[in-house]
Amino acid sequence: MPKLPELVCPAGSLPALKTAIDHGADAVYMGLKNETNARNFAGLNFDEKSATAGIRYAHDKGRKVLMAINTFAQGVDISRWQRAVDQAADLGVDAVILADLGLMDYASRRHPNLRLHMSVQSSATNYEAVNLARDLFGVQRAVLPRVLTLDQVGHVIRHTDVEIEVFGFGSLCVMVEGRCLLSSYATGESPNTHGVCSPAKFVRWEQNGNTTSARLNDILIDQYGQNEPAGYPTLCKGRFEVQGDTYYALEEPTSLNVLEMLPQIIDIGVSAIKVEGRQRSPAYVAQVAKTLREAIDTAGREMQRFSVKPAWQAALGKLAEGQQQTLGAYNRPWK
Amino acid sequence: MRVPDITLPPIIASIASKLPATPPTLALVTALNQLVKRGVLPAEMELLAGKRFEVDVLDAGIKLRFAADEARFSVDQSTQAPDLRFAANLADLARMMLREEDPDTLFFNRKLVIEGDTELGLIVKNLLDSVDWSDTPLARFMAV
Ligand code: SF4
């Protein structure tokens, strides 16, 4: 049987972490309760106590914990980001997921034994970038942005000994990852600056009869009629009027789902498959982890004979934002 | 044990809406205060203080209105609009509380209405998610 990719699941809270592990995650990733990670949401994430408990729980079961410190250190005072790295090392995480080159430099000097993963936010799309990060900072894994085709992912893998992680399921952040400023345009805050796209304090949902209007800092992003599936009011997924037509001018709200491609993903030697959604609840984590665990194991056993079970598709489909699923860039014909 | 897919018949709503909502609300705030006191609900009460909440059980015709201060939850007797309102049918609320279903999933599928202060909604959602039921006698009721 080929070597299976690790299943890396999101944990926004201690119960989500435990649930992910109980349902078959090989590793979980988490963040601290501040702007050092890209899901800096009120009430989400870990403090010292819950992080310690989570890491112990995972390690007792032989699983790994990765700490995302994946925003870009802002302004004159970057000590908060450095402290987060120190804290991760002290807590005994299995790796930190970093985006900022300065922070990678800090981590590699200060904690030479701490394993470094390059975040998707770094936007490394080619093996030269990945190898440079390895040579400079000893990066051992890179998470590729969701803009490459599967062929292109394979090309990167063939030219590096750095482990490659790809996204397997979850809401899509469609713009050139790590460089999108749409949210700043509407609210002054965006993922790379404040760790959150379209912060909740700017979001208002208004109910008018059966219609729900979603506003971001008063800008109308979308309206959902009765029974029309809703989404997060991020600018990229809004419906806008362009030359008299109102439609998803930037991108349809879809979710990534790679079930169909699992044998190829295994075949080209992907080291880890990541699930998006640290902002989601334990119920989501349970359902995704369980489904992907089964699917990855089955794909590894059956390879060419593998076919996606309708029950898996149904389970993931229900959880998806926008009720539409896509293989994303992975199966685009471009070269 | 999964929550069955049922909607209460309209007659229930029309009867229940005529009954005083105080007893179920009182039961809810008492339970919440117990959980906070025992440290099960890791509530940062400063974030909730001064806010009014409404949980609207649509098919049961019951509105639970309560408020928070720095120390505890109480029944909200005022007529002021809530800062945060959740509305859903009983079965979906139960699924959410028992962690069978993720609130985002229900929201995407238009089975849960969230209105008012969205950030406060997120705080409440994340608060409920962070409760480690395995430490409590309720553990066996929870789906995860
Ligand atoms: S606006 Fe869309 S593409 Fe841009 S960061 Fe937010 S989710 Fe991603």
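**Fold of chain B, its interface with chain A, and local features**

Of the 144 residues in chain B, 47% are buried (buried, under 20% relative accessible area; exposed, over 50%; partly exposed, in between; 1.4 Å probe, protein chains only). The model is predicted: local features need pLDDT of at least 70, side-chain atom pairs count only at pLDDT 80 or more, and totals for chains, interfaces and linings use all residues. Residues are numbered from 1 along each chain as its sequence is written, chains are lettered from A and ligands numbered from 1 in the order in which they are written, and side-chain values use heavy atoms, with hydrogens and water left out.

Chain B holds 6 helices and 5 strands (DSSP runs numbered from the N terminus; helices are H or I with at least four residues, strands E with at least two). Their order along the sequence is α-α-α-β-β-β-β-α-α-β-α. Contacts (heavy atoms within 4.5 Å) often span long stretches of chain B: among those between residues at least 6 apart in sequence, 72% join residues at least 24 apart. The exposed area of chain B is about 7,300 Å², with 61% supplied by carbon and sulfur atoms. Accessible areas come from the Shrake-Rupley method with a 1.4 Å probe; for residues, only the protein chains shown count as cover.

Helix α2 of chain B covers residues 22–37. Its 16 residues should span 22 Å at 1.5 Å a residue, and the end C-alpha atoms are 22 Å apart, which agrees. The expected span is 1.5 Å times one less than the number of residues. Thr25(B), Val29(B), Leu32(B), Asn33(B), Leu35(B) and Val36(B) are buried in α2(B). Seen down the helix axis, the buried residues of α2(B) fall within an arc of 160°, so they line one face. The arc is taken over the directions from the helix axis to the C-beta atoms. Their cover includes β2 (62–68) and β3 (73–75) of chain B. Gly39(B), just after α2(B), has a positive phi of about 80°.

The interface involves 43 residues of chain A and 29 residues of chain B. Together the two chains bury about 2,800 Å², 54% of it on carbon and sulfur atoms. This buried area is the accessible area (1.4 Å probe) that two parts lose on being put together, summed over both. The rule for salt bridges (a side-chain nitrogen of Lys or Arg within 4 Å of a carboxyl oxygen of Asp or Glu) finds 3 across the interface of chain A and chain B. Lys318(A) and Glu101(B) form a salt bridge through their side chains, at 2.9 Å from N to O. Lys125(B) sits in helix α6 (residues 118–129) of chain B. Lys125(B) is buried, with a relative accessible area of 10%. Neighbours within four places in sequence aside, its contacts are Gln279(A), Arg280(A), Ser281(A), Asp102(B), Pro103(B) and Asp104(B).

Over all chains, the count comes to 30 salt bridges. In one, the side chains of Glu6(A) and Arg141(A) meet at 3.1 Å, N to O. This pair links distant parts of the chain, 135 residues apart: Glu6(A) is in strand β1 (residues 6–10) and Arg141(A) in strand β6 (residues 141–143) of chain A. Both Glu6(A) and Arg141(A) are buried.

Helix α10 of chain A (residues 282–302) has 21 residues and reaches 30 Å from its first C-alpha to its last, close to the 30 Å expected. Of these 21 residues, 16 are buried, so α10(A) is largely enclosed by the rest of the structure. Arg293(A) and Asp297(A) form a salt bridge at 3.0 Å, N to O. They are 4 residues apart in α10 of chain A, separated by about one helical turn. Arg293(A) is buried at 16% relative accessibility, whereas Asp297(A) is partly exposed at 25%. Met303(A), just after α10(A), takes a positive phi of about 40°.

Most residues other than glycine have a negative phi. Asn45(A), not a glycine, has a positive phi of about 80°. Asn45(A) lies in the loop between β2 (27–30) and α2 (48–60) of chain A, and is buried at 5% relative accessibility. Ser198(A), also not a glycine, has a positive phi of about 55°. Ser198(A) lies in the loop between α8 (191–194) and β8 (203–208) of chain A, and is buried at 8% relative accessibility.
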